[in-house]
Amino acid sequence: MDKIRIRGGSPLRGEIEIGGAKNAALPIMAAALLMDQPLRLTNVPHLADVTTMADLLAQLGVSIRIEGTTGPSSNETPRLLELTARDITKTTAPYDLVSKMRASVLVLGPLLARCGSAQVSLPGGCAIGTRPVDLHLRALTQLGAEIELRDGYIHAKAPNGLVGAEIVFPKVSVGATENLLMAASLARGETVLVNAAREPEVTDLVVCLNAMGACIEGAGTGRLRIVGTDRLHAATHRIVPDRIETGTYAMAAAITDGDIELVGARYDLISAAAEILTQAGVTIRETPRGVHVRRANGVLAGVDVMTEPFPGFPTDLQAQMMALMAPAQGAAMITETIFENRFMHVPELCRMGANINVHGATALVRGVARLRGAEVMATDLRASVSLVLAGLAAEGETTLSRVYHLDRGYERLVEKLSACGASIERIRE
Ligand code: EPZ
C-alpha cells in the first residue's frame, strides 16, 4: 500500500486550484437515474469515490462517457461526465459497493421514484460513527414507499408511484435531504421538507434538478418545496467548488506560516471557517480569482470551535482545525456535534507531540511549541489529511500510511502541495 512521506517546515507559497466538490458530485451523479436523457456534468473531481459511484451507476444500466481531464492549468479541457440512464436494467445496490462508499445509499430515492422499487444494502456503521439511515427511510415511507429491512438490505417498493407529503426532519441530514429531493421530484403533487439541510452541496443538487426540469423552491433554506413532475429532461451542470478542499488548503497555508491563493474557491461557502481562522490570527480574504490566505503576524492563537450543520463550522474541517490548533499559542476547545466518534486523529496527532485531551464530544488542545514527525495512519479521509497538515508543520519526517483514504477526497494532493514548496512525496509500494 502506498505511503506519503513529508519533511516538515517549508512555508507553502503560490496558488492551488480548487476542484469540484466530491459531496456535491456524488448525489448529482445519482440524480441521472431520474431520467432517460443525458446529464452532462463539468468540474467533476477525479476521485476514488466518484469512480465508485460511476461503477455503481454502470451496474444499474447507466451509460457513462468521460471527456477531458482536470489539470493544473485552467487551459486544459475541463472534465466532463455524461451520464445517461436510458434503461435501468437493475435496481439493486449491492453490499460490496455500499460498504465501500456509504454515499451509494443516494441511489435509493431516484431508483424508487423512477422504477417503483429498489434494493439497497444497508450501509452499516463506519469509522466516524454509527451513521444510521432511519431518516431517509422514514421520510420515503411518508411519500408512500413500503420499506422492509431483510437480509441486510433495504427493500423499498412504490408500485403506484410516490405521493408528495410534508416531511419534518427531526434532525438535519444532508443525505436524507438529498434522497428526498430526488424522490419528490418525480412524486405526484407537492412535497415540503422542513428542517432540511442547507449545505451548499444540497443547494447544488437543487440547482441541477431544476436545470433538469424539476420544480424546487427554497434552495439554501431549511424549508424546501418540491412540486413533482412526470418527466425530467437533459441538462448540463457545473459542480460547485469544494469548500472542504478550500478550508483544508487554507489551514495548510496557516499551519506552515505560508501565503497561498486558492484559485476557483468561493469565499461565501467557507465563511464560518474563515471567521474562526481570522480569530486564530490568519488573514483570509476574497480575491477576484478565489480566496487568499496567509498568517497575519506570524502567531497562531488557540480558538474554540464547535461543529454544526451549515452555515456553521463543518464537521469535515474539524480534524484539520485540530491539527492547526496543535502548535498554536494557548488552548483550543474543539466540540464535535455531528458524529459521535470523529476524534480518531487525536492519538495520531499526540504521537506527533500534540497535547490533546478528549472528554466526550470535546477535545481540549493545549498548544505545543512544535510538532515532531512520526509514522502515522488514520481511518478516514479528513483524519488522514489532518495528519498531512501536521506533517507539513512538524520538525523532521512524517510517514502516513493508508493513503487510499486521501484518494477518496483530495485530487492530486501531493502535486498541489509540492507545487507550493512542500517537501512531500508519494511512495508507491
Ligand atoms: C454527508 O454525510 C457528507 N457525505 C459527510 O462527508 C459529512 O460529514 C456529513 O454530510 C455532515 O456534513 C456526503 O455528502 C457524501 P448526515 P451524510 O446524514 O449525508 C445522523 C466527508 O468526509 N443521521 O448529514 O451521511 C448521522 O449519523 C464525509 O466527506 C441519522 O441519525 O451525513 C449524523 O450524526 C464524511 N439518521 C448526522 O445525522 C439518518 O438517517 C448527520 O449526518 C441520517 C443521518
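Helices (H or I, at least four residues) and strands (E, at least two) are DSSP runs, numbered from the N terminus. The model is predicted: local features need pLDDT of at least 70, side-chain atom pairs count only at pLDDT 80 or more, and totals for chains, interfaces and linings use all residues. Residues are numbered from 1 along each chain as its sequence is written, and side-chain values use heavy atoms, with hydrogens and water left out.

**Exercise 1. The ligand shell**

Task: State how many residues surround the ligand, which elements give two or more of them, and how the protein covers the ligand.

Solution.

Step 1. Count the shell. A residue is near a molecule or strand if one of its heavy atoms lies within 4 Å of it. By that cut-off, 21 residues surround the ligand, and the closest are D134, L135, S173, D316 and I338.

Step 2. Sort the shell by residue class. There are 9 nonpolar, 5 polar and 7 charged residues. Here Ala, Val, Leu, Ile, Met, Phe, Trp, Tyr, Cys and Pro count as nonpolar, Asp, Glu, Lys and Arg as charged, and the others, Gly among them, as polar.

Step 3. Look for polar contacts, meaning a pair of N or O atoms within 3.5 Å; within protein, one must be able to donate a hydrogen and the other to accept it, and residues adjacent in sequence count only if both atoms are side-chain atoms. For L135, a backbone N or O atom lies 2.7 Å from an oxygen atom of the ligand. For I338, a backbone N or O atom lies 2.5 Å from a ligand oxygen atom. D316 uses a polar side-chain atom, 2.6 Å from an oxygen atom of the ligand.

Step 4. Work out the cover. On its own the ligand has 830 Å² of accessible area, and the protein covers 87% of it. Accessible areas come from the Shrake-Rupley method with a 1.4 Å probe; for residues, only the protein chains shown count as cover.

Step 5. Assign the shell to elements. Two or more residues come from each of α1 (22-31), α5 (134-142) and α6 (174-185). The most come from α5, with 3 residues.

**Exercise 2. Burial of α1**

Task: Decide whether α1 is largely enclosed or open, and list its buried residues.

Solution.

Step 1. Apply the burial classes: buried means under 20% relative accessible area, exposed over 50%, partly exposed in between (1.4 Å probe, protein chains only).

Step 2. Count. In α1, 9 of the 10 residues are buried, so the helix is largely enclosed by the rest of the structure.

Step 3. Name them: K22, A24, A25, L26, P27, I28, M29, A30 and A31.

**Exercise 3. The chain as a whole**

Task: Describe the make-up and compactness of the protein chain.

Solution.

Step 1. Count the elements. The chain has 14 helices and 24 strands.

Step 2. Compare the radius of gyration, taken over C-alpha atoms, with the globule rule, 2.2 Å times the number of residues to the power 0.38. The radius is 21 Å, close to the 22 Å that the rule gives for 429 residues, so the chain is as compact as a globular protein of that length.

Step 3. Add extent and burial. The C-alpha trace spans about 65 × 50 × 40 Å along its principal axes. Of the 429 residues, 56% count as buried.

Step 4. Check the range of contacts, where contact means heavy atoms within 4.5 Å. Among contacts with a separation of 6 or more, 74% join residues 24 or more positions apart.

**Exercise 4. Loop residues**

Task: Place V105, T91, N43 and R402 in their loops, and classify each as buried, partly exposed or exposed.

Solution.

Step 1. V105 lies in the loop between α3 (95-100) and α4 (108-115). Its relative accessibility is 5%, so V105 counts as buried. Leaving out residues up to four places away in sequence, V105 touches V120, P123, V133, H136, I154 and N179.

Step 2. T91 lies between β5 (80-84) and β6 (92-93), in the loop. At 17% relative accessibility, T91 is buried.

Step 3. N43 sits in the loop between β3 (38-42) and α2 (48-59), and has a positive phi of about 60° although it is not a glycine. With a relative accessible area of 12%, N43 is buried.

Step 4. R402 is in the loop between β23 (397-401) and α13 (404-407). Phi of R402 is near 60°, again positive in a residue other than glycine. R402 has a relative accessible area of 30% and is partly exposed.
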